[in-house]
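The following paragraphs offer a guided reading of a single structure. The reader is invited to keep the sequence and the three-dimensional view at hand.

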Amino acid sequence: MSKTSLARSASGNVPHARACPEEPAAVGLQRWDNGDYQIEKELIVAATAGSSGLTALGWDERWNSALAGLSDPVLWPARVSRVDRGACTVMTGSAKVRIVTERDVEVAVGDWVCVAGSAADGTARIAAVLPRRAEFRRTRPAKSAGTKVVAANIDTVFVCDALDGSLGVRHLERFLALAWQSGATPVVVITKSDAAPIQRVTDAVNLAKTVARGVSVVVVSSTTADGVLSLEPYLMPGRTVALLGLSGAGKSTLTNRLAGADIAATGAVRGDGSGRHTTSHRELVVLPQGGLLIDTPGIRALSILGAGDGVEQAFGDIEAIADNCRYPNCSHSGESGCAIAAALADPQLQPDRLDAWLRMRLELASSKTHNARDDVAERKRRKAAKFAARRASKT
Ligand SMILES: Nc1nc2c(ncn2[C@@H]2O[C@H](COP(=O)(O)OP(=O)(O)OP(=O)(O)O)[C@@H](O)[C@H]2O)c(=O)[nH]1
Ligand SMILES: [Mg+2]
Ligand SMILES: [Zn+2]
């Protein structure tokens, strides 16, 4: 999916890479902050022990081919489960390993990485990040700082919206556009059904459906487990789901419910319905039933910068009408032959939704200059990552 992130090892060509990579003997060691190594005590999740290692984490033939393409038999694959400043945690299929990350190698939770060196002697380094198949990006809090990947290699995005929350349809549209842009399939998950009367639940579903065209809308309660079973089709072994939404939407509580254990911290919601940003980092967890979940901190400000395709997909209903405008560059603001103007008489087309679409198109147009700046930064980052990978593979 992404063009980014392939930092190749420079350790020379080798006739063939392993069809089935082995883990290094030292896997299962963790480097602690004081620099010591200790046996990693915490297994990924009890359920993965004994299951088929990397496959349980989503490894498949396509990833194997991507690794083989690097033609370097000393690299071993692992999936990134957590990223911190200067270090990340990777899962090898049997243990978690902490690895120091080079400043210029951008890794995201969910990435498949190829590691050079050994965890036992502290030489483990990320030599390559396999090209992502899907990535959910958001703008960094500081506007000028470009975008960052929230979750990589995801199959599904659960856009979580609490019945006691304040997501709103306009916000939901943005989440959906970004989810489509990610390459994953969005599902709207309306949470806390136990906290509202049935009529409010029905109204919330109907409202969500007005903007979630072609998207499943599921209602759940993590308190009573109502509706949780309907999430099962998305949580098949090896499939990865990212939980996204506002703070307080119940993402971590749902993670705990699905994991059957209190693995993620949860926090009370304020009087105004907003959360308290309880989750401070993204984390990939393997569920007992085999699916993989990425719990994320709540996101409020959502820029659709660079998400033109996602907006097109999220507003497929309006885009289809606009295709019939007489002029291909119609601005839909009074030109003759404008199909949108004609469709406004149709009660199916809500003026608010049309407004939202027009505003997003404007936003996309104005983001083009940002994109140009991002491209330069991205080129620099990739170049630096290449050098970092070379250094890593030489140690
Ligand atoms: N009644 C009810 N409360 C819930 C449910 N799910 C979550 N909550 C409550 O909602 C609050 C917020 O839940 P969290 O799971 O921490 O929300 P979050 O989306 O992870 O929030 P951030 O980590 O801040 O992004 C907590 O007090 C939960 O107990 C539910 O199904 N029913
Ligand atoms: Mg949380
Ligand atoms: Zn038009």
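**A guided reading of the fold**

By class, the shell around ligand 1 comprises 5 nonpolar, 17 polar and 4 charged residues. The model is a predicted one. In total, 26 residues surround ligand 1, and the closest are S247, G250, S252, T279 and G298. Helix α5, residues 251-259, supplies the largest share of this shell, with 3 residues.

Helix α5 therefore offers a convenient point of entry, and its surroundings may be considered next: 7 of its 9 residues are buried, so the helix is largely enclosed by the rest of the structure. The buried residues are K251, S252, T253, L254, T255, L258 and A259. These buried residues pack against β10, β11, β13, β14 and β15. After α5 comes G260, with a positive phi near 70°.

The strands just named belong to an open sheet of 6 strands, in the order β12-β11-β10-β13-β15-β14, with mixed pairing. At its edges stand β12 (216-219) and β14 (283-286); each has a single partner strand, so one side of each is left without a neighbour in the sheet. From one strand to the next, the twist averages 25°.

Which strands does β10 pair with in the parallel sense over 7 bridges? The partner is β11, and within this pairing T156 stands opposite T185 of β11. A further 5 bridges join β10 to β13, and these two strands also run parallel. Here C160 has G245 in β13 as its bridge partner. Strand β13 (residues 240-245) in turn pairs with strand β15 (residues 292-295) in the parallel sense, over 4 bridges. In that pairing V241 is found opposite L293 of β15. Helix α5 packs on this sheet, and its direction makes about 155° with that of β15.

Is β10 enclosed or open to its surroundings? Because 7 of its 7 residues are buried, the strand is largely enclosed by the rest of the structure. From β10, T156, F158, C160 and A162 point one way, while V157, V159 and D161 point the other way, and all are buried. Another helix, α4 (residues 198-211), lies across β10 (156-162), β11 (185-191) and β12, and runs at about 160° to β12.

A second sheet deserves separate attention. Here 5 strands form an open sheet in the order β5-β4-β3-β6-β7, and the pairing is antiparallel. Its edge strands are β5 (96-100) and β7 (125-129), each of which pairs on one side only. The twist in this sheet averages 45° from one strand to the next. Strand β3 (residues 76-84) and strand β6 (residues 112-116) run antiparallel and are joined by 4 bridges. One of the paired positions is W76, whose bridge partner in β6 is V115.

The nonpolar interior may now be considered. In soluble globular proteins, nonpolar side chains tend to be buried together. The largest nonpolar core in this model has 100 residues, of which V113, V115, I154, V159, L176, A242 and L244 touch the most other members. Helix α3 (residues 168-182) contributes the largest share of this core, 7 residues. For V113, leaving aside its neighbours within four places in sequence, the contacts are A78, V80, V90, V107, I126, A128 and V129.

Some individual positions complete the picture. Most residues other than glycine have a negative phi, and most peptide bonds are trans. S71, although not a glycine, has a positive phi of about 50°. S71 lies in the loop between α2 (61-68) and β3; because 16 C-beta neighbours lie inside 10 Å, S71 counts as partly exposed. K192 likewise is a residue other than glycine with a positive phi, near 65°. The place of K192 is in the loop between β11 and α4. With 25 C-beta neighbours inside 10 Å, K192 counts as buried, since the threshold for burial is 20 or more.

Lastly, E312 is found in helix α6 (residues 308-314). With 19 C-beta neighbours inside 10 Å, E312 counts as partly exposed. E312 and R361 are 49 residues apart along the chain, and their C-alpha atoms are separated by 9.4 Å.

Note on methods: Residues numbered from 1 in each chain as written. Chains lettered and ligands numbered in written order. Predicted model: local features only at pLDDT ≥ 70, side-chain atom pairs only at ≥ 80, totals over all residues. Pairing = 2+ DSSP bridges. Axes fitted to C-alpha atoms, helices over the stretch in contact; angles between N-to-C directions. Near = placed C-beta within 6 Å. Nonpolar A, V, L, I, M, F, W, Y, C, P; charged D, E, K, R; others polar. Core = buried A, V, L, I, M, F, W, Y, C linked by C-beta atoms within 7 Å. Buried ≥ 20, exposed ≤ 12 C-beta atoms within 10 Å, placed from the backbone. Contact = placed C-beta atoms within 7 Å.
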